[in-house]
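Here is a guided walk through a protein model for someone meeting it for the first time. Have the sequence and the 3D view open as you read.

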Amino acid sequence: MPIDVVNIIMIFTETMDVYSTVFANKWLPIKELQDKNIIKISVGFEHCLLLDMNGIIYGWGANSSGQLGDGTIIEKGVAENRYFKKNEIILKDLKSGFHHNLAVDVNGNVYSWGMASKCQCGHTDSINNVLEPKLIEYFRNKNIVEIGCGAYNSFCKTVNDEYYL
């Protein structure tokens, strides 16, 4: 069943279950996310990312700019982003913008993926879409403690209270 990515509506409960009204006119649990221990939800314009307590990202929705980070531009149902697991990277936070995302790992490194047309992914070598998570080299060893995304911009804060936009 295709997902109506314009109307992604979810709730997140104390028991770490995720419910949505996307597939029905009532709140139903998202079966693919049961027992995943979701701790954070981040919603972009037409995509959604969820972070579990093991640092694994699950996403679904539009993917025309690579915002799901799976290396494709194909719209998806719930799917695990295997990049971080494959590279043994544990995430502690993620944020979504219009069609891009940021994630920070437990070591304070920042990764981005998705639309990069206005340099919102932070990679100075390209404004091409980033189809899977990519380390932002500039922030390597800067110990990022906070991240944020706007529609076409991104934000990082270091442990030393340095702010980058």
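Leaving aside its neighbours within four places in sequence, which residues is serine 42 in contact with? Keep that one in mind for a moment while we get our bearings. What you're looking at is a predicted model. The protein has 165 residues, and 45% of them are buried. Its secondary structure comes to one helix and 14 strands. If you take the contacts with a sequence separation of 6 or more, 42% of them link residues that sit 24 or more positions apart.

Now back to serine 42, which you'll find in strand 4, residues 38–43. Once neighbours within four places are set aside, serine 42 touches His47, Cys48, Leu49, Leu94, Lys95 and Ser96. Is serine 42 buried or exposed? Its relative accessible area is 7%, and buried means under 20%, so serine 42 counts as buried. One of its contacts is worth zooming in on: a polar atom of the serine 42 side chain lies 2.7 Å from the backbone nitrogen of serine 96.

Both stretches of that contact list can be followed along the chain. Start with strand 5, which covers residues 47–52 and runs antiparallel to strand 4, with five bridges joining the two. To get from strand 4 to strand 5, the chain makes a hairpin through three residues. If you'd like a pair to check by eye, look at isoleucine 38, whose bridge partner in strand 5 is aspartate 52.

Next, move along to strand 8, residues 91–96, which is joined by five bridges to strand 9, residues 100–105, again in an antiparallel arrangement. Here too a hairpin makes the link, passing through three residues between strand 8 and strand 9. The pair to look for this time is leucine 91 and aspartate 105, with the aspartate standing opposite in strand 9. As you trace any of these strands, a rule of thumb may help: along a regular strand, side chains alternate between the two faces of the sheet.

Let's turn to empty space. How many cavities of 30 Å³ or more does a search of the whole structure find? The search turns up one, and the largest cavity holds about 80 Å³ of space. Its lining is made up of Leu49, Ile57, Tyr58, Gly59, Leu68, Asp70, Lys76, Ala79, Glu80 and Asn81. You've met Leu49 already, as one of the residues in contact with serine 42. Strand 6 (57–61) and strand 7 (76–81) each supply at least two residues of this lining, and strand 7 gives the most, with four. Sorted by class, the lining has five nonpolar, two polar and three charged residues.

The loops have their own details. Aspartate 35 lies in the loop between strand 3 (28–29) and strand 4. Its phi is positive, about 65 degrees, although aspartate 35 isn't a glycine. Aspartate 35 counts as exposed because its relative accessibility is 73%, and the cut-off for exposed is over 50%. Cysteine 119, in the loop between strand 10 (110–114) and strand 11, also has a positive phi, near 65 degrees, in a residue other than glycine. With a relative accessible area of 47%, cysteine 119 is partly exposed.

Further on, glutamate 137 sits in the loop between strand 11 (130–135) and strand 12 (144–149). At 49% relative accessibility, it counts as partly exposed. The glutamate 137 side chain makes a polar contact with the side chain of arginine 140, at 2.9 Å. Glutamate 137 and histidine 123 are 14 residues apart in sequence, and their C-alpha atoms are 7.7 Å apart in space.

That brings us to an open sheet of three strands, in the order 12-13-14, with antiparallel pairing. Why is one side of strand 12 and of strand 14 left without a neighbour in the sheet? Strand 12 and strand 14 (163–164) stand at the edges, and each has a single partner strand, so one side of each has no neighbour there. Between strand 12 and strand 13 (residues 154–158), five bridges hold the antiparallel pair. To see one of the pairings, find cysteine 149, whose bridge partner in strand 13 is serine 154.

Technical notes. Residues numbered from 1 in each chain as written. Predicted model: local features only at pLDDT ≥ 70, side-chain atom pairs only at ≥ 80, totals over all residues. Heavy atoms only, no water. Buried < 20%, exposed > 50% of the residue type's maximum accessible area, 1.4 Å probe, protein only. Polar contact = N/O pair within 3.5 Å; in protein donor to acceptor, adjacent residues only side chain to side chain. Pairing = 2+ DSSP bridges. Contact = heavy atoms within 4.5 Å. 1 Å grid on protein atoms, 1.4 Å probe; cavity = no way out; pocket = protein on both sides within 12 Å on 5 of 7 lines; lining within 4 Å. Points joined across faces, edges and corners; volume = space filled by probe spheres on them. Nonpolar A, V, L, I, M, F, W, Y, C, P; charged D, E, K, R; others polar.
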